[in-house]
Amino acid sequence: MIPLPLDRSATLAAHEAHPGSRVELVCAACTWSRTYRPERIIEGLSRKQLGGRHTTVASVALLVRWPCPGCRRMRWATRLSAPAPDQATERPRSISRMAEKSLPPPPRRSNRA
Ligand SMILES: [Zn+2]
């Protein structure tokens, strides 16, 4: 994942401008990290009435109430990250391949009238 060049006032809604981006939870004390789908985070925040699309990406870290699985500390940071270029090209290709398989072959048309 590659962090997007957003400032700290960026909200979760910013992910809409960056298809495929993920909220990355990063431990500032060690290297542990995990990514989440922004839609899931927004859903969770609204369900608990803690926020939503307009919650800043950085403030999501303050809501994490569990210690880092790597070092047991709680020094969370959150940021919006995009998949590395090779990952980004990999996924659409496999999706289109799947779509090709599930779609019936195009009807043969003779255009010679
Ligand atoms: Zn850690």
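**Exercise 1. Is glutamate 24 buried or exposed?**

Solution. Start with the ground rules. This is a predicted model, in which local features need pLDDT of at least 70, side-chain atom pairs count only at pLDDT 80 or more, and totals for chains, interfaces and linings use all residues. Residues are numbered from 1 along each chain as its sequence is written, and side-chain values use heavy atoms, with hydrogens and water left out.

Step 1. Fix the classes: buried means under 20% relative accessible area, exposed means over 50%, and partly exposed lies in between (1.4 Å probe, protein chains only).

Step 2. Apply them. Glutamate 24 has a relative accessible area of 6%, so it is buried.

**Exercise 2. Find the salt bridge partner of glutamate 24 and place both residues.**

Solution. Step 1. Set the criterion: a side-chain nitrogen of Lys or Arg within 4 Å of a carboxyl oxygen of Asp or Glu.

Step 2. Name the partner. Glutamate 24 meets arginine 79 at 3.1 Å, N to O.

Step 3. Place the pair. Glutamate 24 sits in strand E2 and arginine 79 in strand E4, 55 residues apart, so distant parts of the chain are linked. Helices (H or I, at least four residues) and strands (E, at least two) are DSSP runs, numbered from the N terminus.

Step 4. Check the partner's cover. Arginine 79 is partly exposed, because its relative accessibility is 34%.

**Exercise 3. List the other salt bridges of the structure.**

Solution. Step 1. Get the total: the whole structure holds three salt bridges.

Step 2. Take arginine 53 and glutamate 16. Their closest N and O atoms are 2.7 Å apart. Arginine 53 lies in the loop between H1 and E4, and glutamate 16 in the loop between strand E1 (2-3) and E2; 37 residues separate them. Both count as partly exposed: arginine 53 at 35%, glutamate 16 at 46%.

Step 3. Take arginine 37 and glutamate 39. Their side chains meet at 3.7 Å, N to O. Arginine 37 is partly exposed at 43%. Glutamate 39 is partly exposed at 35%.

**Exercise 4. Assign the geometry of the zinc site.**

Solution. Step 1. Collect donors, meaning N, O and S atoms within 2.8 Å of the metal (3.2 Å for Na, K and Ca); water is not among the atoms, so sites may look incomplete. The protein donors are the SG atoms of Cys27, Cys30, Cys68 and Cys71, 2.2 to 2.3 Å from the zinc ion.

Step 2. Read the spacing along the chain: C-x2-C-x37-C-x2-C. Cysteine 30, in the loop between strand E2 (22-27) and strand E3 (33-36), and cysteine 68, in the loop between H1 and E4, are 38 residues apart.

Step 3. Test the angles. Four donors count as tetrahedral if all angles lie between 85 and 135 degrees. Here the angles run from 105 to 116 degrees, so the arrangement is tetrahedral. The ideal angle for four tetrahedral donors is 109.5 degrees.

Step 4. Compare cover. Cysteine 68 is buried at 0%, whereas cysteine 30 is partly exposed at 26%.

**Exercise 5. Describe the largest nonpolar core.**

Solution. Step 1. Define the set: buried Ala, Val, Leu, Ile, Met, Phe, Trp, Tyr and Cys residues joined through side-chain atoms within 4.5 Å.

Step 2. Count. The largest core has 11 residues, among them Leu4, Val23, Ile41 and Leu80.

Step 3. Trace the sources. H1 and E4 each supply at least two residues. H1 gives the most, with three.

Definitions and conventions
Tetrahedral: all angles 85-135°; square planar, octahedral: opposite > 155°, others 65-115°.
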